Amino acid sequence: MLLSTCNRVEVYAATERQPEPTLDQIAKFLARFHGLDPNDVLERLYQHSDEAAVQHLFTVATSLDSMVLGEPQILAK
């Protein structure tokens with residue numbers, strides 16, 4: 001799942017494939033798609049797994065992790 005707003009792009013993935021895609025692979029994909037340097041993309045990535053990923057998604061979806069608290073942009077789409 002991709003979540004994109006005016007100031008963020010997040011990639012959420014669930015896979016049974018082992019090993020899972022690395023941050024480097026995701027950075028290369030995003031950089032290639034947008035014509036950017038993969039190193040510039042990689043330095044801005046972070047990763048959450050398992051319960052931490054779910055908690056982060058809900059924090060973002062409820063706009064608790066937004067530039068403006070209570071911003072309806074994500075759930076309104």
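This tour proceeds from the whole chain to the largest pocket and then to selected residues of the three helices.

**The whole chain**

Begin with the full protein chain in cartoon view, bearing in mind that this is a predicted model. Three helices and two strands make up the secondary structure. Read from the N terminus, the order of elements is β-β-α-α-α. Switching to a surface view displays an accessible area of about 6200 Å², with 58% of that area belonging to carbon and sulfur atoms. The chain has 77 residues, and 19% of them count as buried. If contacts are drawn between residues at least 6 apart in sequence, 38% of these contacts join residues at least 24 apart.

**The largest pocket**

Next, select Glu 10, Val 11, Tyr 12, Ile 26 and Tyr 46, the residues of the lining that lie nearest the centre of the largest pocket. The complete lining consists of 32 residues, and the pocket holds about 1200 Å³ of space. To see which elements surround this space, colour strand E1 (2-4), strand E2 (9-11), helix H1 (23-34), helix H2 (38-42) and helix H3 (50-61), each of which gives two or more residues to the lining. The largest share, six residues, is contributed by H1. Colouring the lining by residue class gives 19 nonpolar, seven polar and six charged residues.

**Helix H1: the aromatic pair**

Which aromatic residues form a stacked pair in this structure? Select Phe 29 and Phe 33. A search of the whole structure finds one aromatic pair, and these two residues form it, stacked with 6.4 Å from centre to centre and 25 degrees between the planes. Both belong to helix H1, where they are four residues apart and are therefore separated by about one helical turn. Phe 29 is partly exposed, as its relative accessible area is 47%. Phe 33, at 63% relative accessibility, counts as exposed because the cut-off for that class is over 50%.

**From helix H1 to helix H2**

Remain on helix H1 and select Gln 25. Its relative accessibility is 42%, so Gln 25 counts as partly exposed. Two C-alpha distances can be drawn from this residue. One runs to Leu 42, which is 17 residues away in sequence and 9.2 Å away in space. The other runs to Pro 38, 13 residues away along the chain, and is also 9.2 Å.

Pro 38 is the next selection; this residue is found in helix H2. Its relative accessible area of 32% makes Pro 38 partly exposed. Apart from neighbours within four places in sequence, Pro 38 is in contact with Ala 27, Lys 28 and Ala 31.

**The loop between H2 and H3**

Continue along the chain to Arg 44, in the loop between H2 and H3. Is this residue buried or exposed? Arg 44 is exposed, with a relative accessible area of 59%. Draw a line from its C-alpha atom to that of Ala 27: the two atoms are separated by 9.1 Å, and the residues are 17 apart along the chain.

**Helix H3: Asp 50 and His 56**

Select Asp 50 in helix H3 and inspect its backbone torsions. Phi of Asp 50 is near 55 degrees, a positive value in a residue other than glycine. Asp 50 is exposed, at 62% relative accessible area.

Finally, move within helix H3 to His 56. With a relative accessible area of 12%, His 56 falls under the 20% cut-off and therefore counts as buried. Which residues does His 56 touch, not counting those up to four places away in sequence? Display Arg 8, Glu 10, Tyr 12, Tyr 46, His 48 and Asp 65 to see these partners. Among them, Glu 10, Tyr 12 and Tyr 46 were already selected as residues nearest the centre of the largest pocket. Keeping both selections on screen shows the contacts of His 56 together with the residues at the pocket centre.

Terms used. Residues are numbered from 1 along each chain as its sequence is written. This is a predicted model: local features need pLDDT of at least 70, side-chain atom pairs count only at pLDDT 80 or more; totals for chains, interfaces and linings use all residues. Side-chain values use heavy atoms; hydrogens and water are left out. Buried means under 20% relative accessible area, exposed over 50%, partly exposed in between (1.4 Å probe, protein chains only). Contact means heavy atoms within 4.5 Å. Accessible areas come from the Shrake-Rupley method with a 1.4 Å probe; for residues, only the protein chains shown count as cover. On a 1 Å grid over the protein atoms alone, a cavity is a set of points where a 1.4 Å probe fits but cannot get out, and a pocket is an open set with protein on both sides within 12 Å along at least five of seven lines; lining residues have an atom within 4 Å of a point. Grid points are joined across faces, edges and corners, and a volume is the space filled by probe spheres set on the points. Ala, Val, Leu, Ile, Met, Phe, Trp, Tyr, Cys and Pro count as nonpolar, Asp, Glu, Lys and Arg as charged, and the others, Gly among them, as polar. Rings of Phe, Tyr and Trp (its six-membered ring) pair if their centres lie within 6.5 Å; planes under 30 degrees apart count as stacked, over 60 as edge-to-face and the rest as tilted.
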